[in-house]
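Me: Please set out the grounds on which the descriptive terms for this structure are assigned.

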Amino acid sequence: MINLSGVGKRYPTGVVALQDVSLRIERGEFVFLVGPTGSGKSTVLKLIQRIERPTAGRVEVDGLDLCSLPDSQVPLLRRGLGVVFQEFKLLSDRSVADNVAFALRVTETDPVEVAPRVQWALETVGMVHRADDLPARLSGGEQQRVCLARAIVARPRIVLADEPTGNLDPEAAWEIMQLLSAVNLRGTTVVMTTHNNTLVDVLRRRVVELHAGRVMRDESRGLYQTAR
Amino acid sequence: MSLEGSIKQPADAADARRVLLARGWPWVRGQALRDAIGGLRRNGLMAAAATTTIAIALMVAGGGVLASVNLAHLASVLESQVEIVGFIQRDLTPQQQHRVLAAARDLPGVRSAELVGRAEALRRLQKTYGSLASVGSHLKTNPLPDSIEVRASGPGQVRAVAAALERIAGVQDVLYGTPVVDRLVALTRAVRITGAVVAGALFAAALLIVLNTIRLTIAARRQEIEIMTLVGATPGFIRGPFVLEGVLQGAAAALAATAVLVAAYVYLAVQIAGSLPFLPVLESSAALPGALAVVWLLGIAVGIAGSEIGIRRYLRP
């Protein structure tokens with residue numbers, strides 16, 4: 001589903017974010033990317049979305065070689081990806097329902113499909129009762145649930161979550177993890193970067209640890225840190 | 001309620017492209033216009049600030065065009081007043097005089113030529129110099145010769161026309177104000193260049209201000225654009241509403257500038273005609289259409305260009 005082979009990434013500033021990273025993620029997997037700040041976790045997510053291109057190696061998503069993918073095809077790649085951000089990135093001047101519908105409307109989804117899909121996504125994350133509220137009236141956990149609804153509303157095959165619990169209290173973080181697990185159980189591949197050791201240690205999913213741009217550890221039912 | 005499996009994902013890129021093409025361009029379905037109006041409504045304050053800036057810039061540019069066309073008009077009025085007089089030999093018959101006139105009219109660079117009989121010349125002299133009003137009664141014969149008054153098509157042609165006129169058989173002598181003509185040529189050239197430079201500078205300033213203003217309004221909405229690109233909106237889809245917003249803002253600004261420029265020009269033309277009657281001012285119907293065409297074209301063009309330039313930096317995949 002996602003295949004990085006020998007990937008290197010050096011930014012124009014000279015910063016080396018990734019070095020010889022090889023990583024294969026199969027359909028339906030749940031993968032935690034862990035590691036200290038600056039270890040290259042977010043760069044991996046950017047490569048998968050073709051926000052960045054590798055400076056060495058190959059990145060394949062769903063059989064597409066992202067290095068040779070024409071720019072015109074990038075929107076189509078992204079329609080198969082749902083993204084959850086640490087800082088939510090909800091549009092403050094639109095209601096919860098409009099924020100979720102936004103992802104469908106701007107990808108030219110048939111208008112008759114929009115309302116039922118939004119309803120389904122909000123039901124999935126338990127936010128139907130706040131559909132008409134503006135994001136500013138929601139708690140951090142609720143805003144992140146709306147962000148997750150927006151990520152899954154187009155039924156992507158892959159959900160990428162960049163520190164989705166970074167701004168949340170433990171209870172809200174746990175709710176988001178349960179929702180992401182539910183999404184994964186339906187067959188969606190989930191790749192999540194995190195610094196939250198408790199969540200990683202409780203869930204015991206595949207853990208890929210990056211350090212200074214290299215894969216240091218790849219365990220199928222790993223912990224946040226290895227017993228050293 | 002479940003939509004599991006009901007949402008079709010394109011099987012591959014080619015399939016996805018077919019899906020996109022089958023759905024048609026967003027603006028064909030009117031969605032871009034709805035989004036553009038929605039965008040203006042949601043960002044009312046920024047949109048109003050941008051539209052006001054464009055309107056002021058258009059008024060300045062439109063004012064520059066009006067000043068420029070009036071300077072050009074002044075130059076052409078001054079030019080049209082340069083006159084060459086060719087005196088005709090006294091012994092020519094009226095038929096011969098008309099042949100001379102026809103030859104003068106055929107000269108290159110001649111706008112008009114007319115015969116002025118000696119009686120008419122004396123009458124004009126008496127009219128111009130009131131103290132000579134009674135001179136006719138003291139003279140036995142009219143001492144003035146018949147003449148041809150020639151106007152060149154521009155002050156640059158005066159010398160050549162005068163020289164050619166002098167070579168026509170039957171023309172005795174040619175008069176024209178050499179130093180005046182030379183100064184007028186220099187003056188009208190300076191006026192035209194100044195007018196073009198002023199209009200060009202105002203145009204460039206207006207363009208820069210407007211482009212920057214629209215760029216700022218788009219920068220304020222970069223999160224919206226970022227989300228669009230990340231969820232897979234095509235660049236054309238993202239661009240459409242923003243460019244339409246630019247067109248609507250440019251048109252609204254042009255409308256405001258039109259109202260102000262028309263009112264100001266009509267008022268000033270009346271004032272100048274009253275207090276400075278020697279200064280030729282173009283009629284509103286002659287000056288305004290061209291200037292307003294520039295205002296509307298400029299308004300809509302900078303609206304489109306500003307949006308396009310402002311959004312381009314956010315559309316790199």
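Reply: The following exchange sets values against definitions. This is a predicted model, in which local features need pLDDT of at least 70 and side-chain atom pairs count only at pLDDT 80 or more, while totals for chains, interfaces and linings use all residues. Residues are numbered from 1 along each chain as its sequence is written, chains are lettered from A and ligands numbered from 1 in the order in which they are written, and side-chain values use heavy atoms, with hydrogens and water left out.

Me: Why is C147(A) called buried?

Reply: Buried means under 20% relative accessible area, exposed over 50%, and partly exposed in between (1.4 Å probe, protein chains only). C147(A) has a relative accessible area of 0%, so it is buried.

Me: What makes C67(A) partly exposed?

Reply: Its relative accessible area is 28%, which lies between the two cut-offs, and therefore C67(A) is partly exposed.

Me: How do you know that S147(B) counts as buried?

Reply: The relative accessibility of S147(B) is 6%, so the residue falls under the cut-off for buried. S147(B) lies in strand β3 (residues 147–152) of chain B, strands being DSSP runs of E of at least two residues and helices runs of H or I of at least four, numbered from the N terminus.

Me: Why is helix α9 of chain B described as largely enclosed by the rest of the structure?

Reply: Of the 10 residues of this helix (residues 222–231), 7 are buried, which is why it is so described. Among them are E224(B), I225(B) and M228(B).
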